[in-house]
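Reader: Could you show me the model, and then talk me through how the protein meets the DNA?
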Number of protein chains: 2
Amino acid sequence: MSKQAGPLALVDLSAETPCCPPLTQRRVPAETAAVLAPAFKALGDPVRLRLLSMIASAEGGEACVCDLTPAFDLTGPTISHHLKTLREAGLVDAERRGTWVYYRARPAILRQLAALLTVQPTPAA
Amino acid sequence: MSKQAGPLALVDLSAETPCCPPLTQRRVPAETAAVLAPAFKALGDPVRLRLLSMIASAEGGEACVCDLTPAFDLTGPTISHHLKTLREAGLVDAERRGTWVYYRARPAILRQLAALLTVQPTPAA
DNA sequence: AGTCTGTATTGACGTCCGTCGAATCAGAGA
DNA sequence: TCTCTGATTCGACGGACGTCAATACAGACT
């Protein structure tokens, strides 16, 4: 349930130390781009962006699918599909507890993506 | 050349002050998600991620298409297409000077995306 | 004007994506 | 074991995406 294969195996996105300098400082190498782009791609859908936000901002840091689904005008399978996409992108983890499945954000990769997009404050020069 | 329509018209992404708290703090509203998701989507392709990085990290803050294209095993039209996608997502601006066209990153939206992905440092609790 | 170079647009192709209904799986409880 | 509920998987459909070759456009230089 919480396993993810794919390109994430190439670079350890679970590391707490960001691996990459900001996109604005050095050219992102092709290999890094190949690894990180799928994460951005997963964020590139409004439903998934909201899902991730609902999960990450939920109290306790986790959210049940049963709480997520009713927030959208979409069927259960569709929400499930989007959650799977977020999981495969390494953005969230899932855990079944009894009847319900809980999702939890993975802060490390979020930090990494944020670091990549970091821009120097405009120099007052 | 530097005009972009679409969803970006709804929210001023050129503002220097980030409009939104981190994704992990408050639920991203549907409208905000609809506006920002296309930007993440544009970053969701390895070629575009590298293009943006090459542009943003170039000295002078700008890069000519003629310098960008040879870095990829792709045809000119394909690179042009990706640059158009980045433009329409509001991530870059283009300007023609004589024979060449120069692209330049838009720091404001990058800051905004980075802010959205910001995560509190893990509390030592 | 004519031509050459750099860039963008068009049209086409195969693939991937978002969505749904139907079927399936996993636990809980009678 | 039956059934009920929550969640995922499967199969299908329409539309969007990444790529290319061919074409068109914009300046510069004859």
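Author: What follows is a short exchange about the protein surface around each DNA strand. This is a predicted model, in which local features need pLDDT of at least 70, side-chain atom pairs count only at pLDDT 80 or more, and totals for chains, interfaces and linings use all residues. Residues are numbered from 1 along each chain as its sequence is written, chains are lettered from A and ligands numbered from 1 in the order in which they are written, and side-chain values use heavy atoms, with hydrogens and water left out.

Reader: Which residues come nearest to DNA strand C?
Author: Of the 24 residues around DNA strand C, those that come nearest are R48(A), T78(A), H82(A), P77(B) and Y103(B), where a residue is near a strand if one of its heavy atoms lies within 4 Å of it. Of the atoms of DNA strand C within 4 Å of the protein, sugar and phosphate account for 83%.

Reader: And which side chains have an N or O atom by a phosphate oxygen of that strand?
Author: Among them is T78(A), with an N or O side-chain atom 2.9 Å from a phosphate oxygen of DNA strand C, while for Y103(B) the distance is 2.8 Å.

Reader: Switching to DNA strand D, what comes nearest there?
Author: S80(A), Y103(A), R48(B), T78(B) and H82(B) come nearest, out of 24 residues around DNA strand D. Here sugar and phosphate make up 80% of the strand's atoms that come within 4 Å of the protein.

Reader: How far is the side chain of H82(B) from a phosphate oxygen?
Author: An N or O atom in the side chain of H82(B) is 2.3 Å from a phosphate oxygen of DNA strand D, and for K41(B) the corresponding distance is 3.2 Å.

How values were computed: A polar contact is a pair of N or O atoms within 3.5 Å; within protein, one must be able to donate a hydrogen and the other to accept it, and residues adjacent in sequence count only if both atoms are side-chain atoms.
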